[in-house]
Amino acid sequence: MSLLETLRSGLEAIAAHRLRSALTVLGILIGVAAVILTVGLGEGATSSVNAAISSLGATTLIVTPGSTTSSSGVRGGFGSSTALTTTDAEALGSKVDCPDVAAVAPSISREEVLSDGTTTWTTSVVGTTPAYAQILHRTMAEGSFFTEAQVQEQADVVVLGPLTAEELGLGFDPVGQTVDVAGVPMTVQGVLAEASSGASATAEDDLALVPISTAQSQLFGTTSVSEIYLAARSTSDLGAAQQEAEDELLNLQGATSPAAADFTITTETSILSTADSVDNTLTVLLAGIAAISLLVGGIGVMNIMLVSVTERVREIGLRKALGATPALIRRQFLTEASALGLAGGLVGALVGVAGAVGLPHVISDHIDISGAAIAGAIVVSVGIGLIFGVYPATRAARLTPIDALRSE
């Protein structure tokens, strides 16, 4: 029997038991679709996070305060300390002590309620300086950013994110209108342009920026800052700028070594490395869970093939009596098993791709379609069919013609 005849015979055997074959294919289909979707979710999350972090710029440094310990011994998380102040930010802007630092933007933020008449909206209110827009690459859609003079004057002005302006119902011309920020009336001076798409685009578009002096004196009542954003003169100066900033802050805090510092300086590279590590771990975990579905599908293939061998004992005996070799019998059953695996892989790939296209409209998360994951899942599904078909095929090949023909 030629290979083509073996394939035809195997497909006829599958077609003769359509429902049973369909249920077997379903098990592999679910596993393949799950692998494609979980890998796609992991890669989509990684792409979105990396895009959001990259928007900071390759020359950006972020200084955050350390942790605190209460009188009862309870330790707060990183960033809970009030060790960083606007004075520190001014020192980091010194061209004498930090010549490789091109721009400095201290910021402090809290969730506050904004209102425009009867319309209210809770968002992140950020007190900062004009350098914030330069360092974080934010542009204006309408109006203008507040100036350094307005920071010095503690001006009651606010720059809104586009989503915030929309939620407050400010209409097509929000510039010049008055909104209450935590109960303080402020004039809308401008609206930011939309941030690039990504997982954090919504957060970047939903905020209110006010002069840091106004935030500290009228809204938050503190001189500390949450972060200090720094921009190095160039990518090649990033390391030097980080070292200068670290030395300056250590000197201001009277710390003798970085281990004793009450602050942390991070770069885009370090944040990307951490994000990639977390995303890769989650992707592997999700793909591993999905792979279990493929394993279950493989067990289903084995069960169906064992049933098929039992039902076709007389057929096997007749073939052997007519001269079919054990290798030929084994090949026929392996062909059937691999065909079931291939069918499950192909249909599962189609379902996975359809899910990757349709699900983002429901769950608002981007899913990348990975060609490598699709090809790998199909190859694995065929491999599972072969692996789990070996035992039933071997069992069929070992039947002796006389015993098989004698079987009822």
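This report covers the overall make-up, the annotated membrane spans, the nonpolar cores and some exposed nonpolar residues of one chain.

The model is predicted. The chain has 408 residues, and 46% of them count as buried. Its secondary structure comprises 15 helices and ten strands. The exposed area is about 19400 Å², with 61% of it supplied by carbon and sulfur atoms. Contacts reach across the sequence. Among those between residues at least 6 apart, 76% join residues at least 24 apart.

**Annotated spans**

An unreviewed UniProt entry places "transmembrane region" at residues 21-41, 282-309, 339-363 and 369-391. Two of these spans are described in the table.

| Span | C-alpha distance between ends | Helix | Strand |
|---|---|---|---|
| Residues 339-363 | 34 Å | 96% helix | 0% strand |
| Residues 369-391 | 35 Å | 91% helix | 0% strand |

**Nonpolar cores**

The largest nonpolar core holds 61 residues. Which members touch the most others? They are Tyr132, Leu160, Leu209, Leu219, Ile228 and Leu230. Strand S2, residues 101-116, gives this core its largest share, with six residues. Another core lies apart from it and has 27 residues. Val35, Val309, Ile329 and Leu334 are among its members.

Leu230 shows what one of the well-connected members touches. Leaving aside residues up to four places away in sequence, its partners are Thr59, Thr60, Leu61, Val63, Leu92, Val101, Ala103, Val104, Ile135 and Ala245.

**Exposed nonpolar residues**

In soluble globular proteins, nonpolar side chains tend to be buried together. Some residues here are placed otherwise. Leu19, Leu23, Leu26 and Ile30 make a nonpolar surface patch of about 420 Å². Leu19 sits in helix H2, which runs over residues 18-54. Is Leu19 buried or exposed? Leu19 counts as exposed because its relative accessible area is 65%, and exposed means over 50%.

Val296 belongs to helix H10, residues 268-311. With a relative accessible area of 52%, Val296 is therefore exposed as well. The UniProt record includes 282-309 among its "transmembrane region" spans. In sequence, Val296 and Ile28 are 268 residues apart. In space, their C-alpha atoms are 7.8 Å apart.

Key. Residues numbered from 1 in each chain as written. Predicted model: local features only at pLDDT ≥ 70, side-chain atom pairs only at ≥ 80, totals over all residues. Heavy atoms only, no water. UniProt positions renumbered as here; feature names shortened; annotations may be inferred. Helix = DSSP H or I, 4+ residues; strand = E, 2+ residues; numbered from the N terminus. Patch = residues over 30% accessible without salt bridge, like charges linked within 9 Å, V, L, I, M, F, W, Y side chains within 5 Å. Areas by Shrake-Rupley, 256 points an atom, 1.4 Å probe, with all protein chains shown as cover. Salt bridge = Lys/Arg side-chain N within 4 Å of Asp/Glu carboxyl O. Buried < 20%, exposed > 50% of the residue type's maximum accessible area, 1.4 Å probe, protein only. Core = buried A, V, L, I, M, F, W, Y, C linked by side-chain atoms within 4.5 Å. Contact = heavy atoms within 4.5 Å.
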